[in-house]
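Work through the exercises below with the model open. Try each task before reading its solution.

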Amino acid sequence: MNLKQLRYAVEIERTGSITQAAKNLYMAQPNLSKAVRELEDELGIVLFTRTSRGMEPTGEGIRFLGRAREILSQFDQLQDLYRPDTDTAIPLRVILPRMYFSPVLHNLLESPECTLLLDLVCHIRDATAAIQEVTDGESRIAVIRYPVSHEEYFLTQIRAARIPHKVLQELPFHLIVHQSHPLAALAEIPFPLPEYYTALLCENDLPFSPIPHKPIRTGPFRTVTLQDSMLLLELLGQLSGSYTLSAPLPRDLLLRRQLIQRPCPSAGMLREEVLYRGQESLTEEERLFLRLLQLRP
């Protein structure tokens, strides 16, 4: 038995689904199922039963998972307490949401306070994966973005992990189309759009997208799901009648692709938050990054 197996079991309990847990853990579902079976064989107990409501812990599973959460919490606290804070050669590692365009990164790199910064590593993650990585201690700073309508879902995870967090801003979804789109001339584009327009989605956004996701078919409604955000923007100019919903994008990025964006509050609001762990051991660059985030216009 090891810490990784404990995290697997706790994630299955949290999500109530092996499929969702595997997605959150970035691993194949059969591999996760195998890992749980091996853990159960080693313990000699059954941790979960499959019901119509999903994966539910057994009585023995509830007792085991309670202890597992305590062990993981203590391990994370110990890791934060003894993490070295004097090696300035450690790169500044941050997690950012998809399509994150902020003056913070530019200001950070040009700041005279950041002369010791040797390396900046940015990982792109959805909010659930970012929370998990900060919980696991794999990263100490993350900026997450999620629909305000799903506030309870995300805040429950953050509070359960006891991660310090701060709201940076709230902003409406923006609807983005090509200049040639039939609705581009409207001052305010209605939402939801008629079903004969094609919705472009990013794979990581599917569970929380205000666009209903249906497989591509020959009927009047279709969606196209992509992994690459920039490919999505390119496709807006190539696929007639296509559109996407996003956080607001920089004007020059849109102009280069002949795209326009309109605020679309009827699709909902987005919230950006910063998460951070081990504040006592943050490097100079990490502290600077947090200060810049919280002073952003």
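**Exercise 1. The lining of a pocket**

Sort the residues that line the second largest pocket into nonpolar, polar and charged. Then find which elements supply them.

*Solution.*
Step 1. The model is predicted, and the lining total uses all residues. The lining divides into 22 nonpolar, nine polar and seven charged residues.
Step 2. In total, 38 residues line this pocket. R98, D126, C202, N204 and D205 lie nearest its centre.
Step 3. Six elements give two or more residues to the lining: helix 2 (18-24), helix 6 (127-136), strand 5 (141-147), strand 8 (198-202), helix 8 (229-236) and strand 10 (242-246).
Step 4. Strand 5 gives the most, with five residues.
Step 5. The pocket's volume is about 600 Å³.

**Exercise 2. The two sides of a helix**

Decide which residues of helix 7 (residues 151-160) are buried, and where they lie around the helix axis.

*Solution.*
Step 1. Apply the cut-off: buried means under 20% relative accessible area. F154, L155, Q157 and I158 are buried in helix 7.
Step 2. Look down the axis. The buried residues fall within an arc of 155 degrees, so they line one face of helix 7.
Step 3. Turn to the face directed away from the buried side. E152, R159 and A160 are exposed there.
Step 4. Identify the cover. The buried residues of helix 7 are covered by elements including helix 1 (3-15), helix 6, strand 5, strand 6 (165-172) and strand 12 (269-276).
Step 5. Check what comes after the helix. R162 follows helix 7 and has a positive phi, near 55 degrees.

**Exercise 3. Backbone outliers in loops**

Inspect phi at M99 and at Q258, and omega from F191 to P192. Are M99 and Q258 buried or partly exposed?

*Solution.*
Step 1. Set the baseline. Most residues other than glycine have a negative phi, and most peptide bonds are trans.
Step 2. Take M99. Its phi is positive, near 55 degrees. M99 sits in the loop between strand 3 (92-96) and helix 5 (103-110). Its relative accessibility is 8%, so M99 counts as buried.
Step 3. Take Q258. Its phi is also positive, about 55 degrees, and Q258 is not a glycine. Q258 belongs to the loop between helix 9 (251-256) and strand 11 (259-263). At 43% relative accessibility, Q258 counts as partly exposed.
Step 4. Take the peptide bond from F191 to P192. Omega is near 5 degrees, and the bond is cis. P192 lies in the loop between strand 7 (174-178) and strand 8.

Terms used: Residues numbered from 1 in each chain as written. Predicted model: local features only at pLDDT ≥ 70, side-chain atom pairs only at ≥ 80, totals over all residues. Heavy atoms only, no water. 1 Å grid on protein atoms, 1.4 Å probe; cavity = no way out; pocket = protein on both sides within 12 Å on 5 of 7 lines; lining within 4 Å. Points joined across faces, edges and corners; volume = space filled by probe spheres on them. Helix = DSSP H or I, 4+ residues; strand = E, 2+ residues; numbered from the N terminus. Nonpolar A, V, L, I, M, F, W, Y, C, P; charged D, E, K, R; others polar. Buried < 20%, exposed > 50% of the residue type's maximum accessible area, 1.4 Å probe, protein only. Arc of directions from axis to C-beta. Contact = heavy atoms within 4.5 Å.
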